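Thank you all for coming; I would like to walk you slowly through one model today, beginning with its sheet and then turning to the contacts around it. Please keep the picture in view while I talk.

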Protein chains: 2
Amino acid sequence: MKSDVSRRRDVTVADVARAAQVSKAQAARALGNYGAVSDDVRERVLAAAEELDYRPNELARSMNTGKSHTIGVVVGDIENPHFGLATRGITDTAKRSGYNVILINTDEDTAAEIDAVRVLLDKRVDGLIVAPASSVETQHLRRVHESGRPLVLLDRKAPGLDVDTVAVDMEDISHESTSYLINAGHRRIAFISTLRTDEPYREGMPLDSSQISDRRAGLQRAFADAGLQPPGDLIRLNAGDDESIRKITRELLQRPDPATAIIASDGLIGLSVVEAIQELGLSIPEDVSFLMYDDFAWTRLTTPPLTVIAQPVYEMGAAAAAALIRQMEGRKAPAAAPVFTAELIRRGSVAAPARR
Amino acid sequence: MKSDVSRRRDVTVADVARAAQVSKAQAARALGNYGAVSDDVRERVLAAAEELDYRPNELARSMNTGKSHTIGVVVGDIENPHFGLATRGITDTAKRSGYNVILINTDEDTAAEIDAVRVLLDKRVDGLIVAPASSVETQHLRRVHESGRPLVLLDRKAPGLDVDTVAVDMEDISHESTSYLINAGHRRIAFISTLRTDEPYREGMPLDSSQISDRRAGLQRAFADAGLQPPGDLIRLNAGDDESIRKITRELLQRPDPATAIIASDGLIGLSVVEAIQELGLSIPEDVSFLMYDDFAWTRLTTPPLTVIAQPVYEMGAAAAAALIRQMEGRKAPAAAPVFTAELIRRGSVAAPARR
DNA sequence: AATCGATGTGAGTCCGGTCTCAATCCTAGG
DNA sequence: CCTAGGATTGAGACCGGACTCACATCGATT
């Protein structure tokens with residue numbers, strides 16, 4: 001009835017109060033469902049609100065409750081199905097508790113991450129879930145934590161930062177899967193990761209990412225267990241775009257002492273590696289064995305289906321959100337935080353290396 | 001120096017003003033970089049702000065500027081790489097103009113969508129990008145639009161709603177790809193979609209989704225062009241989870257008069273369909289031809305690589321964000337909105353049907 | 001030297017809610 | 001019939017910035 005052109009300013013409690021002939025305070029109480037309100041007043045206010053199509057301004061509400069019912073999520077790249085799935089776990093859990101999610105991508109760039117965290121803090125999110133790009137540059141996260149804002153880390157650990165962290169033990173699974181390859185007869189095992197570094201990989205160099213350094217540790221331990229030297233010359237970092245990954249793959253397979261097995265650090269890399277292998281006219285697993293992190297559904301469709309390392313990604317996202325909400329609502333951390341483990345799913349992309 | 005336990009309340013302009021020995025108004029001006037401020041005052045204020053580690057409260061700022069610098073994005077399912085990519089296009093573009101994104105999933109449920117829109121409006125987002133679950137139930141979107149809040153539709157059209165819409169012409173591409181199948185000799189062409197309906201498909205029933213009804217129209221037109229009757233008995237809706245899709249696939253291929261070609265309405269369905277085909281021991285394209293919407297990277301890795309319908313998803317997300325920002329900043333719509341077209345990428349999953 | 005317009009500056013209002021506090025109503029117990 | 005105590009109610013402060021307005025200040029103009 002009243003939806004004319006005069007729709008530039010929203011209806012406020014004051015408007016409703018006026019229409020219902022009561023004070024602003026009473027209208028607010030009836031609307032907000034708190035305090036004491038007589039049935040008569042409540043009815044009139046609710047009717048007026050309905051009539052005027054009143055909607056509360058959450059911004060104003062946040063202003064003096066101090067809660068925005070919004071959590072910030074900072075991930076590397078939402079386009080990566082890994083994060084897509086984790087985000088789904090987060091949003092599902094958050095929604096169930098009445099929280100919304102502001103999402104920011106960092107492209108694994110720490111500067112962007114610092115910026116993202118600042119923006120979210122300025123927007124007064126109630127808490128943050130961050131998949132930190134670096135396990136070393138974490139001052140900004142430390143500051144968040146010290147300022148008392150709830151924070152949960154996802155996927156990667158930050159040593160020295162005493163914060164709830166939801167991640168799998170990469171050392172263990174890396175050890176298991178490397179051993180699997182070694183037992184199959186592989187010695188020349190390559191590892192390709194997107195991790196950005198200033199210089200190319202050299203044996204023993206410090207790695208910014210806990211994920212990657214844990215994987216390296218697991219790999220080295222597996223070789224040590226077998227009484228072998230790990231092939232440090234086959235670790236490749238800075239595998240960024242599709243083109244650079246293909247180039248790296250070609251180089252690994254065409255060098256004098258080529259890799260007989262390749263481990264891809266995530267599903268996006270794996271995609272390009274497999275494609276590069278196919279382009280070289282080589283076949284999996286006859287010519288090269290292949291293994292990758294992330295159990296995307298399509299890995300079952302290739303010929304042969306790919307052997308992968310599956311992580312309970314959705315559950316981890318959900319757990320991160322649950323932990324955050326627990327913190328935000330001031331409840332204590334649970335006695336035992338849920339432990340997540342990755343699993344090696346043996347399909348068909350690993351076999352004994354070809355004889356020379 | 002001052003980071004004691006007293007960290008429960010944030011630093012405000014008033015605190016900064018006090019420290020800098022100036023009025024709140026002056027401090028606000030220096031901080032907000034507006035109005036006239038002497039160099040002396042500016043310096044003192046900035047120094048005090050630095051010292052106190054002042055951070056503006058964006059909530060408060062939004063309160064009286066009326067702008068939250070936040071846009072709401074409502075999609076079916078962020079876990080679906082299609083939306084992941086589109087979202088990436090949106091967030092990249094939004095960030096470049098200083099906007100953040102609140103993301104909500106609807107699982108293609110209109111009730112959830114209505115709720116999402118309401119929540120976002122209550123949070124006073126500056127604009128909305130919605131991939132509407134239904135092209136029919138759009139009163140909530142109409143209300144948004146009428147209230148004057150900028151709104152852009154993504155992926156699906158809403159007939160009768162005069163709103164900027166970024167989507168490809170599904171009729172055309174459906175016609176093209178169906179013709180392609182018909183020319184290859186197929187007559188029994190099946191189409192599988194997730195679209196939820198109350199009853200199973202029957203010829204000519206109204207379809208809630210513009211995307212799907214456009215595809216049906218294109219398919220029917222292709223058959224008409226060839227002087228043939230479209231196989232209305234091979235259209236399947238309500239393909240929800242993996243299990244139901246497999247069941248549908250089996251039924252389509254094992255019925256008395258089976259389908260010789262299957263079109264999957266999106267990449268997620270395609271995944272399950274291909275897997276079901278493999279499980280049946282059938283091969284593509286010898287036993288069944290296959291075609292799907294969405295050009296995911298993995299479709300190049302299967303044997304044979306899959307023939308797909310590629311949409312410029314990232315660009316569409318970016319365009320939607322650009323259009324929204326244009327509206328929010330009060331600029332006119334561009335003379336010609338960019339047109340997006342889907343492309344049939346012929347790889348290896350379509351061949352002539354097997355002889356009976 | 002008187003005047004004028006361009007800064008500078010501080011007090012105070014406003015945004016749209018929540019919440020405190022004191023005043024007013026009512027009703028049951030004495 | 002009187003009164004204590006709970007239920008109601010309205011005025012107004014407050015959250016943290018942005019912004020209006022009235023009041024200086026001050027060098028420049030004539």
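Before the sheet itself, a word on terms: helices (H or I, at least four residues) and strands (E, at least two) are DSSP runs, numbered from the N terminus, and two strands pair if DSSP finds at least two bridges between them. This is a predicted model, in which local features need pLDDT of at least 70 and side-chain atom pairs count only at pLDDT 80 or more, while totals for chains, interfaces and linings use all residues. Residues are numbered from 1 along each chain as its sequence is written, and chains are lettered from A and ligands numbered from 1 in the order in which they are written.

Now, what is the order of the strands in the open sheet? There are ten of them, with mixed pairing, and they run β5(A)-β4(A)-β3(A)-β1(A)-β2(A)-β2(B)-β1(B)-β3(B)-β4(B)-β5(B). The edges are held by β5 (164-166) of chain A and β5 (164-166) of chain B, each with a single partner strand, so one side of each is left without a neighbour in the sheet.

Where the chains meet within the sheet, β2(A) and β2(B) pair in the antiparallel sense over three bridges, and there A:L103 stands opposite B:V101 in β2(B). Towards the edge in chain A, strand β4 (residues 151-154) runs parallel to β5(A) and is joined to it by three bridges, with A:L153 having A:T165 as its bridge partner in β5(A).

Let me turn to the contact between the chains, where two residues count as being in contact if their C-beta atoms, placed from the backbone, lie within 7 Å. Chain A gives 43 residues to this contact and chain B gives 42 residues. On the side of chain A that touches chain B, at least two residues each come from α4 (58-65), α5 (81-96), β2, α6 (110-122) and α11 (267-279) of chain A.

Finally, the DNA, where a residue is near a strand if its C-beta atom, placed from the backbone, lies within 6 Å of it. Of the 28 residues around DNA strand C, those that come nearest are A:N57, A:A60, B:S23, B:A25 and B:S38, and α4(A) supplies the largest share of that surface, five residues. Around DNA strand D there are 29 residues, the closest being A:S23, A:A25, A:S38, B:G32 and B:A60, and here the largest share, again five residues, comes from α4(B).
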